[in-house]
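Work through the exercises below with the sequence and the model open beside you. Try each task before reading its solution.

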Amino acid sequence: MAKTVRRDDRAPGARPVNEVRYHGSTALYGRSGTGKTTLAGSYPKPILYLNIRDNGTDSISDVEDIDVVDINSSEDLKEIILWCHKQASKDKLKYRTIVLDTMSQLQGILVEELGEKKNLAGKKKRAGDFGSFTKQDWGLIAGDLKAVIMDVRNLPLESVFICQERVFNVGDEEDDGLDQLEPEVGPKLMPSVKNDLNASVSVIANTFIKVKVTKTKDPKTKKTTREIKKLYCLRVGPNEVYTTKIRKPKGVEAPDYIEDPTFRKLKKIMKGITEDAA
């Protein structure tokens, strides 16, 4: 028979699970123009937005309390992350959310930088082309990306990792299909890094646009008009093709997707409230 552990008998540093609170972390991925940055802009303010060669801040240009830092090299990123940790250690970090947009571009930066170190400039093979890097080289890039994920996730604030979309497990034209796995859509990152990111965050969600057509018939003219409306949506529930994940209480069923997604709607699902979900 289970017994309740008294406060005086708890292990050093232990506390009841219902008293534990962690800062959330989110991986957003999807095609360009499907609302990733807009959704990130709904997270708690003030936001520190790291523009990693994405230049996609137009959709949040009218949102207050967002500071933008341009990241053009891995050194730029290391410096700002280190600054955040130093500020946090002094309890002076005023930001409540940090956004990395995009991790896919960061991977490209690391590939370029390693290519420069290997002196590939001007050669037939570009950095990242098949055979340009060894397995060890790719391991170094993956290690750097994983370190960024953990360093950012461990900051005392909400973290958002934005990625482009990629289809995995698709065979080539010569594949007979007998051994091919089902296609999987997920963040556009190296497989090992993608898996590491997916395991590290609280939410993995896919942005997409749903087209809704409404037909209206005029009673006088008998003519039918069609109104086409684009709805920005976010896949959060279990899906056979799209990688998704949302940490929530046991027994709570996540909806397939959310229309007009916001941070507040995501938090409601994580608390077991799904009234705003589609």
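The exercises that follow concern a predicted model.

**Exercise 1. Strand pairing**

Find the strands that pair with strand E8 (residues 203-217), and state whether each runs parallel or antiparallel to E8.

Solution.
1. Start with strand E1 (residues 25-30). E1 runs parallel to E8 and is joined to E8 by five bridges. Within this pairing, leucine 28 has alanine 205 of E8 as its bridge partner.
2. Go on to strand E9 (residues 224-235). E9 pairs with E8 in the antiparallel sense, over 12 bridges. Here phenylalanine 208 is opposite cysteine 233 of E9.
3. Look at the link between E8 and E9. The two strands form a hairpin, and six residues lie between them. In the turn, lysine 222 has a positive phi of about 65°.
4. Finish with strand E10 (residues 245-246). E10 and E8 are antiparallel and share two bridges. Isoleucine 204 is opposite lysine 245 of E10.

**Exercise 2. Cysteines**

Decide how many disulfides the model holds, and whether cysteine 84 and cysteine 233 are buried or exposed.

Solution.
1. Recall what is being sought: a disulfide is a covalent bond between the sulfur atoms of two cysteines.
2. Apply the cut-off, which asks for a pair of cysteine sulfur atoms within 2.5 Å. The count comes to zero disulfides.
3. For burial, the cut-off is under 20% relative accessible area. Cysteine 84 has 2%, so cysteine 84 is buried. Cysteine 233 has 1%, so cysteine 233 is buried.

**Exercise 3. One face of a helix**

Name the buried residues of helix H5 (residues 191-200) and explain why they line one face of the helix.

Solution.
1. List the buried residues: Val193, Lys194, Leu197, Asn198 and Ser200.
2. View H5 down its axis. The buried residues fall within an arc of 165°, so they line one face of the helix.

**Exercise 4. Leucine 266 and the cavity**

Describe the surroundings of leucine 266, and then find which element gives the largest share of the lining of the largest cavity.

Solution.
1. Locate the residue: leucine 266 is in helix H6 (residues 263-270).
2. Check burial. Leucine 266 has a relative accessible area of 2%, so leucine 266 is buried.
3. Leave aside neighbours within four places in sequence. Leucine 266 is then in contact with Tyr43, Val203, Leu234, Val236, Ile246 and Ile258. For leucine 234, which is 32 residues away along the chain, the C-alpha separation is 9.7 Å.
4. Turn to the cavity. The model has one cavity of 30 Å³ or more, and the largest cavity has a volume of about 60 Å³. Its lining includes Tyr43, Val203 and Leu266.
5. Sort the lining by element. E1 and H6 are the elements that give two or more residues. H6 gives the largest share, with four residues.

**Exercise 5. The second largest pocket**

Determine which helices line the second largest pocket and which one gives the most.

Solution.
1. Note the volume, about 310 Å³.
2. Count the lining: 14 residues, with Ser74, Lys78, Leu110, Glu113 and Asp144 nearest the centre of the pocket.
3. Assign elements. Helices H2 (74-89), H3 (103-117) and H4 (135-153) each give two or more residues. H4 gives the most, with six residues.

How values were computed: Residues are numbered from 1 along each chain as its sequence is written. This is a predicted model: local features need pLDDT of at least 70, side-chain atom pairs count only at pLDDT 80 or more; totals for chains, interfaces and linings use all residues. Side-chain values use heavy atoms; hydrogens and water are left out. Two strands pair if DSSP finds at least two bridges between them. Buried means under 20% relative accessible area, exposed over 50%, partly exposed in between (1.4 Å probe, protein chains only). Contact means heavy atoms within 4.5 Å. The arc is that of the directions from the helix axis to the C-beta atoms. On a 1 Å grid over the protein atoms alone, a cavity is a set of points where a 1.4 Å probe fits but cannot get out, and a pocket is an open set with protein on both sides within 12 Å along at least five of seven lines; lining residues have an atom within 4 Å of a point. Grid points are joined across faces, edges and corners, and a volume is the space filled by probe spheres set on the points.
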